[in-house]
Amino acid sequence: MSNYIYQPLKNATEDIRLLKLTFDIRQALGRANVNPLVGQLKNYSLPLTTLSRSQRMLRVALLPSFKALSYVWGNPARTHEITIDDKRLGITENLHNALRDVQKDAIGDVYVWADAICICQDDLTERSAQILLMREIYHAAANVSIWLGPPTEEGRRCLEFIADLTGVYGPEKSDMVPSEESKFEEIFAKGLFIPTDGIMRAGFGFGQSLVEIADVMDSDVRDDKSEMLLDPDAILSLHHDTIQTLVEWKPHSRHFKTVQDEDFVFIANLIDQELIQSCTWFERMWVVQELGASDNASILGYGKSMDWESILRAVYFLNYSLEAPVNNIRKLTGLEKIRQSYNNGKRHPLRDLIRECRYRNATDPRDKIFSLLGIMGDKMNTFLMPDYTKSVSEVYANATFHFIEQSGSLDPLCGWQSLGRWEQLLSWIPDYSLNQDLAASPLVPIDGRESIFTASGHDHRSKYMALDQQELKHFWTHLPTSGLCIDTIAMLSDPLPEDVPFGSIEHMWHSTISSSGGLLDGFTKDVQSCLEDISSVVSMYSKYWNSLDQFSKQLRPVSIKSPSTAHLPKSSKSTDRLSKHSQSTEQLARSSPPTGKPSLYFEPKKSDSFLHAIYILDAYLQSLLCGRISTTERLTRDDVQKFMSLSLPADTTDPERESFLTKVCNALVAGMTRRCMAVTERGYIGAIPQEAQQGDLICVLFGCSVPVVLRKRIGGEYLFIGECYLHGFMDSEAIVFQVKGEFQVQKFVLC
């Protein structure tokens, strides 16, 4: 038998192939020796949302009802075969097993779309064109069948529990054991299935046609009618109502009785381990679009299918109602938020989607961008057009150019994971393939909000306007910028592992400041004593935070009915010493002219040692938290006062006090984790990236809301190290110095 040779699609930007998978009665009956996989490939035109209603209606009428398969490729070796149009086509083991489960779930021939079969993988031009249709394919499918992997006994137990709890049918006990040979049974079943399949296909096809027709009439699914979704909630930022509905779901009492004797903590852990954590499907990039664009999705396996919503309800009920933690629930949450919002005419910005999918993997790093294009809210442009002939570096550079042009800012360069970067990437291009959970907490907004910092001012200098699309097509390797050089890093703390408690990080930072006396004029014994007070307070917070388990930290507010709360500071002579300095800042702090906001900045090289002492204390404490009490709030003097004295009700059950404790601890973690303490040659203090080195420059680039660390290379170009917090330069102060003539504008070409 010869190998199958693909015939070119008439129009790869509109047409698709569907596999008509031949029904196998032996597979349906669970026989051990099943027939080989056989099918046909047929071409159809998709009812694209960009077409007119009449054109879409015609294409809906001609398009058969089909399943779109969502699975993990696994081992790329094509160790199995399927016969297509009497020709042999090699397929992977995972695809072979998934198609077998599709066969087993069917009662007749079934149309299937599977990327490895329906797209000619060796044709890069076709692949690039079909990527833009993926969203349309999964949205048009009657069902998106999610194949999680080969069956296991543990997985079966999980699905049985979910089926009992939610009241849906689950896998039958006999599905794991092949049935005995019976020719009569095969003939009888075939005579029953085929007519039944015809009736069901007609009914299901008619129902799906009604769904498609309604979809045609609904303008929300059109890209030009959809709404860009910008939600400032960083925790549940994509679709809060959906999550709330799942949290509030309760099973019928009759169904709950069937599982009430289960060990819920054990079963929750089993579901987390077997169905989520150990399942590579949840790690794959492409499933975000495949599930996200679907109207109807189900989990396929064990010869049965279970709807996606049932799994969500069971997981949320365990985690929230029964308080049986499902640690990786976030992976389900992100997928469902995207799916619900997409089907309600909402589109998420590409930058949000990349961060939401930060832990997902792609065989081809370019797919970290390409796999999300179909469901993004950004308008398609030349920067984002998928092209597999371009290198990973160019694809990532183009995505970054898009973000810069979209925001008019250099903020999109900031806040990305840098450890373990792909060496071939230029320094200013974020490595979108990395798990962004490992990045330091971004100082710039990542969800469409306005930045809480204004390092580059409020006038034309706050915008980046140096992009020339025509020039970038040929010279995309360099990013021209301009700005102000503030100072050079003279001393910095050693980096510490990310799992080190923030109390230990602060201890290292304290040692760095204490060793910087030669750079910090006015470093008196009183200042040293006050720094020790700050360390003592941070240590108390750290001990309290470490006494909580991970699940408790995720609750809002955190319960602190624990003996560890007895260690929390309330008031002491040492905090009174610092309070005297803090009270003086009200009279001495100057205002930033561009913003009118009170600034805690004091120029270190003052003759008045008392002023400098205030700067050291203020700068150190602010740097511990990177000037924030949360990602959306600046640290105020009232916060500092509460932080040092815990001037809240002594009752540890007081919700205000609980909320503040949680807020402070989260802010300390966000401020110090994966950062180092730095002191510059002129005595400025701040928190910088762990990758920074002595001699690096701290600059304010026009169009960037926070200062950044740059490293000058031989030849005059600069490496981009990352954003930083430099106390006294977060609110346009550098612009004021420029206006006064103390700083000069420089050009920085990033490479």
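User: In this predicted model, what stands opposite lysine 20 in β2?

Analyst: That's glutamine 40. The strands here are β1 (residues 15-21) and β2 (residues 38-45), and they run antiparallel.

User: What makes β1 and β2 a pair?

Analyst: Bridges. Pairing takes at least two of them between the strands, and seven join β1 to β2, so the two count as paired.

User: And how do you know that β2 pairs with β4 (residues 80-84)?

Analyst: There are two bridges between β2 and β4, and the cut-off is at least two, so that pair counts as well. The sense here is parallel, and glycine 39 sits across from isoleucine 84 in β4.

User: Switching to helices: why are α24 and α25 called roughly perpendicular?

Analyst: The axes of α24 (residues 637-645) and α25 (residues 655-672) cross at roughly 100 degrees. Anything from 65 to 115 degrees counts as roughly perpendicular, and therefore these helices do. Their axes come within 11 Å. On the α24 side the contact uses Asp639, Lys642 and Phe643, and on the α25 side Glu656, Phe660, Val664 and Leu668. Sorted by type, that gives four nonpolar, no polar and three charged residues.

User: Which residues have the most contacts inside the largest nonpolar core?

Analyst: Leu69, Leu99, Trp281 and Trp308, in a core of 206 residues. Helix α20 (residues 525-546) gives the largest share, nine residues.

User: What does tryptophan 281 touch?

Analyst: Leaving out residues up to four places away in sequence, its partners include Trp147, Leu148, Leu291, Trp308 and Arg360.

Key:
Residues are numbered from 1 along each chain as its sequence is written. This is a predicted model: local features need pLDDT of at least 70, side-chain atom pairs count only at pLDDT 80 or more; totals for chains, interfaces and linings use all residues. Side-chain values use heavy atoms; hydrogens and water are left out. Axes are lines fitted to C-alpha atoms, for helices over the stretch in contact, and angles run from 0 to 180 degrees between N-to-C directions. Helices (H or I, at least four residues) and strands (E, at least two) are DSSP runs, numbered from the N terminus. Angles under 35 degrees count as roughly parallel, over 145 as roughly antiparallel, 65 to 115 as roughly perpendicular and the rest as oblique. Contact means heavy atoms within 4.5 Å. Ala, Val, Leu, Ile, Met, Phe, Trp, Tyr, Cys and Pro count as nonpolar, Asp, Glu, Lys and Arg as charged, and the others, Gly among them, as polar. A nonpolar core is a set of buried Ala, Val, Leu, Ile, Met, Phe, Trp, Tyr and Cys residues joined through side-chain atoms within 4.5 Å. Buried means under 20% relative accessible area, exposed over 50%, partly exposed in between (1.4 Å probe, protein chains only).
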